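Biologist: Please take me on a close look at one part of this model, and then show me how it sits in the rest of the chain.

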Amino acid sequence: MNLHYGCGLTTAPSWHNCDASPTLRLQRLPLFGPLFRKLVAPRFPPEVQYGDIIKGLPLPADSCDAIYCCHVLEHLSLEDCRAALRNTYRYLKPSGLFRCVLPDLEQQVRTYAADPKPSAAGEFLSYTFLGRKTRPKTLLGIIRESLGNAHHLWMWDYKALAVEMEAVGFRDLRRCEFGDSHIAAFADVENSSRFEWAVGIEATK
């Protein structure tokens, strides 16, 4: 079993693909689902199952050979991210591999600090998704905002996330790059563009 949580629209047949988006749940409602699929994006592929890594998935412990998440952990609060890491560790088999990719706060802060333009602060808030230029004013906009999870709640760099992962029990941590895993299945879910301005971490249970 290979688990891809927070998969969004990226799926692969060799993976169990799940996402905790409220939009996904609404799009799967028997009567109102088709309406939500028309009104609220994104439209999830049929192979995506609803699953919340924070609350726990219907999977037995020690059942996954590999687990992957990409640009997911930064959308969680600190408390929820720790719960997600604990569950990730629990679902992995002994010696199973976990890979995660997320925005690199250290790189983004360095870029901001080195930028002399007056607009640097605004650009930093935009590309880190920590600021909001506008707030929704229409009913449809408010609904989309409430169902979405675009903004970042807790940012990470390698040092900070490595400490959290080691506290859970992960070992043999390393920075990873696109396509460098010895497990071929990761190539089915990884996208090179998601490694830009990002840090990748691979760890073993």
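**A loop residue and the helix that follows**

Modeller: Leu76 lies in the loop between strand 4 and helix 3; helices (H or I, at least four residues) and strands (E, at least two) are DSSP runs, numbered from the N terminus. Before we go further, please note that this is a predicted model, in which local features need pLDDT of at least 70 and side-chain atom pairs count only at pLDDT 80 or more, while totals for chains, interfaces and linings use all residues. Residues are numbered from 1 along each chain as its sequence is written, and side-chain values use heavy atoms, leaving out hydrogens and water.

Leu76 counts as buried because its relative accessibility is 11%; buried means under 20% relative accessible area, exposed over 50%, and partly exposed in between, with a 1.4 Å probe and protein chains only. What does Leu76 touch, not counting residues up to four places away in sequence? The answer is Ile54, Cys81, Ala84, Leu153 and Trp154, where contact means heavy atoms within 4.5 Å. Leu153 deserves a second glance: it is 77 residues from Leu76 along the chain, yet their C-alpha atoms are separated by 5.6 Å.

Two of those partners, Cys81 and Ala84, take us into helix 3, where they are among the buried residues. Ala83, Leu85, Asn87, Thr88 and Tyr91 of helix 3 are buried too. Helix 3 covers residues 78-91, so to speak 14 residues, and reaches 20 Å from its first C-alpha to its last, close to the 20 Å expected at 1.5 Å a residue; the expected span is 1.5 Å times one less than the number of residues. The buried residues of helix 3 pack against strand 1 (2-5), strand 4 (64-70), strand 5 (92-103) and helix 7 (158-168).

Let's follow helix 7. Its axis and that of helix 3 come within 9 Å and cross at roughly 50°; axes are lines fitted to C-alpha atoms, for helices over the stretch in contact, and angles run from 0 to 180 degrees between N-to-C directions. That makes helix 3 oblique to helix 7, since angles under 35 degrees count as roughly parallel, over 145 as roughly antiparallel, 65 to 115 as roughly perpendicular and the rest as oblique. The crossing of these two helices, 3 and 7, is right-handed; a crossing is right-handed if the near helix is turned clockwise from the far one by less than a right angle, and left-handed if anticlockwise. Helix 3 brings Leu78, Arg82, Leu85, Arg86 and Tyr89 to this contact, and helix 7 brings Leu161, Glu164, Met165 and Val168. By type, the residues of the contact between helix 3 and helix 7 are 6 nonpolar, no polar and 3 charged; Ala, Val, Leu, Ile, Met, Phe, Trp, Tyr, Cys and Pro count as nonpolar, Asp, Glu, Lys and Arg as charged, and the others, Gly among them, as polar.

A second helix pair makes a nice companion. Helix 4 (residues 105-113) and helix 5 pack at an angle of about 165°, with axes 9 Å apart. That makes helix 4 roughly antiparallel to helix 5. The crossing of helix 4 and helix 5 is right-handed. Gln108, Val109, Thr111 and Tyr112 of helix 4 meet Ala120, Ala121, Phe124 and Tyr127 of helix 5. Here the contact residues divide into 6 nonpolar, 2 polar and no charged.

Strand 5, one of the elements that the buried residues of helix 3 pack against, holds Val101. Val101 is buried, at 2% relative accessible area. Setting aside residues up to four places away in sequence, Val101 touches a list of residues including Tyr68, Cys69, Cys70, Phe195 and Val199. Val101 and Glu196 are 95 residues apart along the chain, and their C-alpha atoms are separated by 9.8 Å.

Finally, the whole chain. The protein chain has 7 helices and 7 strands, in the order β-β-α-α-β-β-α-β-α-α-α-α-β-β along the sequence. Of its 205 residues, 42% count as buried. Among contacts between residues at least 6 apart in sequence, 75% join residues at least 24 apart.
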